[in-house]
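Colleague: I should like to go through this model with you, one question at a time. Could we begin with the side chains that carry charge?

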Amino acid sequence: MLVALALLPAISHAADWDIDQLMRDLAQTRSGRASFVEKKSIAMLDKPVESSGELFYTAPDHLEKRTLKPKAESMTVDAGTLVIERGRQKHRLQLQDYPELAAFIDSIRGTLAGDRKALERNYRLNLDGTSEHWTLQLLPLDEKMQAVVKRIRIAGVRDAVRSIEITQADGDSSLMLVEKLATP
């Protein structure tokens, strides 16, 4: 009985924790910098393709992925524009012209910004775990998006994203492990 009474505050706090609380916690981070290691498993390849680099985020809609290995590449999203740089080549895309790509990018930006409404425009949300270790699963609502992405799982600890796992409809997948770095 004493054990149950001692645990009551912790159980009560856990019961209060939900998607809204997670979104509030995530929204507290206005900018961040992290290192990443990403492994992509592609059916036609014998082994996963690994890349690594750094991620940068500034709320609410600036996201940058700088791949350093195996080849330098940069992808920057600002508002509705995606810029991809590889060597001397630079491609600029307007996300409004690529709705499936925009929905995918918004899954990450929306999570980092703690923007539940943005996420729910394109995904059904399911949260498992506790505030200490959580997993947010995003299931696409749109049929065109479902033909590309089966699910996105974003896992974290408190207010920090630690991994992003994408399972594509064709069976290919990627897992990005994220380690928060001090902001300079």
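Colleague: What is the relative accessible area of Glu50?

Modeller: This is a predicted model, in which local features need pLDDT of at least 70 and side-chain atom pairs count only at pLDDT 80 or more, while totals for chains, interfaces and linings use all residues. Residues are numbered from 1 along each chain as its sequence is written, and side-chain values use heavy atoms, with hydrogens and water left out. With a 1.4 Å probe and protein chains only, buried means under 20% relative accessible area, exposed means over 50%, and partly exposed lies in between. Glu50 counts as partly exposed, because its relative accessible area is 45%.

Colleague: With which residue does the side chain of Glu50 form a salt bridge?

Modeller: A salt bridge requires a side-chain nitrogen of Lys or Arg within 4 Å of a carboxyl oxygen of Asp or Glu. For Glu50 the N to O distance is 3.8 Å, and the partner is Lys39.

Colleague: How many residues apart are the two members of this pair?

Modeller: Helices (H or I, at least four residues) and strands (E, at least two) are DSSP runs, numbered from the N terminus. Lys39 belongs to strand β1 (residues 31-41) and Glu50 to strand β2 (residues 49-58). The salt bridge thus links distant parts of the chain, and the separation is 11 residues.

Colleague: Over how many bridges do β1 and β2 pair?

Modeller: Two strands are said to pair if DSSP finds at least two bridges between them. One bridge joins Lys40 to Val49 in β2. The sense of the pairing is antiparallel, and the count of bridges is 10.

Colleague: How many residues lie between β2 and β3 in their hairpin?

Modeller: β2 also pairs with strand β3 (residues 62-69) in the antiparallel sense, over 7 bridges. Gly53 has Thr67 in β3 as its bridge partner. In the hairpin formed by β2 and β3, the number of residues between them is 3.

Colleague: Is Glu64 buried or exposed?

Modeller: Glu64 forms a salt bridge with Arg66, the closest N and O atoms being 2.7 Å apart. Arg66 is partly exposed, at 35% relative accessibility. Glu64 has a relative accessible area of 12%, so this residue is buried.

Colleague: Which residue forms a salt bridge with Arg158?

Modeller: The closest N and O atoms of this pair are 2.6 Å apart, and the partner of Arg158 is Glu132. The pair links distant parts of the chain, for Arg158 is in the loop between β9 (149-157) and β10 (160-168), whereas its partner is in the loop between β7 (123-129) and β8 (134-140). At 39% relative accessibility, the partner counts as partly exposed; that partner is Glu132.

Colleague: Which element gives the most residues to the largest nonpolar core?

Modeller: A nonpolar core is a set of buried Ala, Val, Leu, Ile, Met, Phe, Trp, Tyr and Cys residues joined through side-chain atoms within 4.5 Å. The largest has 25 residues, and those with the most contacts inside it include Trp134 and Ile152. Among the elements that give two or more residues to this core are α3 (99-113), β7 and β8. The one that gives the most, with 4 residues, is α2.
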